[in-house]
Amino acid sequence: PVARMAVGERLAGDIRVHVAYAVHARRGGGAMAAGTRPEAVPRLNGLDPRALAATVARRGEIAVDLPGGVRHRVAIPAGAAPLLSRADGRASLGAIAAGAGRDWIGFAAAWAPAARALAGFNLLHYSRFPG
């Protein structure tokens with residue numbers, strides 16, 4: 001992991017903010033583990049959930065513009081669009097799954113690729129508290 005981070009810094013060292021999650025040592029897991037729990041509340045950083053969902057449904061990707069004119073195209077499966085539209089910073093993942101009529105396993109399979117893509121660009125965070 002450290003070598004991958006070093007390569008990433010050399011390729012695009014323009015990331016101004018790095019995000020870390022604090023977790024209880026006895027619970028284990030890491031940043032992505034925090035988002036795999038039904039009680040986790042996803043928060044989109046600077047993105048409107050409905051606009052994001054519409055773009056994902058239409059294109060299957062979003063463009064991420066970084067400082068210095070660097071633009072990335074980030075693939076997000078169109079099937080995640082209905083889930084992303086519900087990520088309003090108040091609803092937990094469990095509530096989003098229920099609202100979309102998905103069981104937890106089906107929801108997690110559709111959510112995971114979108115979550116990885118967005119979290120990788122600091123566009124998605126999780127908390128344990130709504131609002």
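## A tour from the hairpin to helix H6

Select Gly68 to begin: in the hairpin of strands S2 and S3, which has 3 residues between the strands, Gly68 takes a positive phi near 85 degrees. This is a predicted model, in which local features need pLDDT of at least 70 and side-chain atom pairs count only at pLDDT 80 or more, while totals for chains, interfaces and linings use all residues. Residues are numbered from 1 along each chain as its sequence is written, and side-chain values use heavy atoms, with hydrogens and water left out.

**The hairpin strands.** Now select residues 61–66, strand S2, together with residues 70–75, strand S3; the two pair in the antiparallel sense over 6 bridges. Pairing here requires at least two bridges found by DSSP between the strands. To see one bridge, pick Val64, whose partner in S3 is His72.

**The whole chain.** Zoom out and colour by secondary structure: the protein chain has 6 helices and 4 strands. Helices (H or I, at least four residues) and strands (E, at least two) are DSSP runs, numbered from the N terminus. Read from the N terminus on, the elements run α-α-β-α-β-β-α-α-α-β. Of the 131 residues in the protein chain, 31% are buried. Buried means under 20% relative accessible area, exposed over 50%, and partly exposed in between (1.4 Å probe, protein chains only). With surface display on, the chain exposes about 8000 Å², of which carbon and sulfur atoms supply 57%; the areas come from the Shrake-Rupley method with a 1.4 Å probe, and for residues only the protein chains shown count as cover. Among contacts with a separation of 6 or more, 65% are between residues 24 or more positions apart, where contact means heavy atoms within 4.5 Å.

**Ser92.** Select Ser92 next, in the loop between helix H4 (81–84) and helix H5 (93–99). Ser92 counts as buried because its relative accessibility is 19%. Show Pro38, Glu39, Ala40, Val41 and Pro42 as sticks: Ser92 is in contact with these residues, leaving aside its neighbours within four places in sequence. A polar atom of the Ser92 side chain lies 3.3 Å from the backbone oxygen of Pro38.

**Helix H6, start and bend.** Move to residues 104–119, helix H6. At its N-terminal end, Asp103 acts as the cap, with a side-chain oxygen 3.1 Å from the backbone nitrogen of Ile105. Such a polar contact is a pair of N or O atoms within 3.5 Å; within protein, one must be able to donate a hydrogen and the other to accept it, and residues adjacent in sequence count only if both atoms are side-chain atoms. Follow the helix to Trp111, where H6 bends by about 35 degrees; Pro113 follows within four residues. The bend is the angle between axes fitted to the seven residues ending at a residue and the seven starting there. Buried residues in H6 include Ala110, Ala114 and Leu118.

**Aromatic rings.** The whole structure holds 2 aromatic pairs. One of them, Phe107 with Trp111, is stacked, at 5.7 Å centre to centre and 15 degrees between the planes. Rings of Phe, Tyr and Trp (its six-membered ring) pair if their centres lie within 6.5 Å; planes under 30 degrees apart count as stacked, over 60 as edge-to-face and the rest as tilted. Phe107 is buried at 1% relative accessible area, and Trp111 at 4%. Add Trp104 to the selection to show one aromatic cluster with Phe107 and Trp111.

**Last stop.** Select Asn122, in the loop between H6 and strand S4 (124–127). Its phi is near 60 degrees, a positive value in a residue other than glycine.
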